[in-house]
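Here's a quick briefing on a single protein chain, grouped by topic. Have a look at the structure first, then read on.

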Amino acid sequence: MNSQKLNTLISIEALAISRGTSGGAKKTWSVHAKDCWAQRRDMSGNERSASSSAGGQVAVARVEFLLRERSGITAQMRVIHKGQALGIVHVKPLADYPGWMILTCDTGLNDG
């Protein structure tokens with residue numbers, strides 16, 4: 001792997017759910033890893049049906065981020081890139097290149 005191709009700065013956030021003051025669930029995103037250098041690869045885009053509250057179709061893009069391996073990253077987290085939240089759908093350590101990983105992410109359906 002060539003670390004010179006890591007030209008995109010991202011952060012990774014974890015979701016924490018706590019009880020709000022009225023007793024309901026409260027979602028809070030906290031930084032898990034800040035300022036990670038990665039290589040962004042835009043893979044595909046399509047439209048998917050949105051939830052009944054949003055209605056209609058929503059444009060969704062699939063993006064992969066190649067970065068040095070970091071512990072504790074799961075598919076319940078999200079990537080923040082240039083202010084945009086991308087939900088992580090798959091975390092893949094690279095067997096042929098130890099110490100590297102790929103985060104497969106989707107945009108468009110939720111807040112990450």
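Start with cysteine 36: outside its neighbours within four places in sequence, this residue is in contact with Thr8, Leu9, Ile10, Ile12, Leu67 and Arg70. Keep in mind that the model is a predicted one. Cysteine 36 sits in strand β2, and the bullets below pick up its surroundings, then two backbone oddities, then the chain as a whole.

**Around cysteine 36**
- Is cysteine 36 buried or exposed? Cysteine 36 counts as buried because its relative accessible area is 1%, and the cut-off for that label is under 20%.
- One of its contact partners is Ile12; from C-alpha to C-alpha, isoleucine 12 and cysteine 36 lie 8.1 Å apart, with their positions 24 residues apart in sequence.
- Leu67 and Arg70 are also among the partners of cysteine 36, as are Thr8, Leu9 and Ile10.

**Cysteines and disulfides**
- Cysteine 105 is another buried one, with a relative accessibility of 0%.
- How many disulfides does the model have? The count comes to 0, going by a cut-off of 2.5 Å between cysteine sulfur atoms.

**Positive phi away from glycine**
- Most residues other than glycine have a negative phi, so a positive value is worth a second look.
- Aspartate 35 isn't a glycine, yet its phi is positive at about 55°. Its place is in strand β2, which covers residues 25–49.
- Aspartate 35 counts as partly exposed because its relative accessibility is 43%, and that label sits between the 20% and 50% cut-offs.
- Lysine 82 also has a positive phi, near 50°, and is a residue other than glycine. You'll find lysine 82 in the loop between β4 (78–81) and β5 (84–93).
- Lysine 82 counts as exposed because its relative accessibility is 78%, and exposed means over 50%.

**The chain as a whole**
- What does the secondary structure add up to? The protein chain has 6 strands and 0 helices, so reading along the sequence gives β-β-β-β-β-β.
- Of the 112 residues in the protein chain, 33% are buried.
- Among contacts with a separation of 6 or more, 56% link residues that are 24 or more positions apart.
- The protein chain's accessible surface is about 7,000 Å², and carbon and sulfur atoms account for 47% of that surface.

Notes: Residues are numbered from 1 along each chain as its sequence is written. This is a predicted model: local features need pLDDT of at least 70, side-chain atom pairs count only at pLDDT 80 or more; totals for chains, interfaces and linings use all residues. Side-chain values use heavy atoms; hydrogens and water are left out. Helices (H or I, at least four residues) and strands (E, at least two) are DSSP runs, numbered from the N terminus. Buried means under 20% relative accessible area, exposed over 50%, partly exposed in between (1.4 Å probe, protein chains only). Contact means heavy atoms within 4.5 Å. Accessible areas come from the Shrake-Rupley method with a 1.4 Å probe; for residues, only the protein chains shown count as cover.
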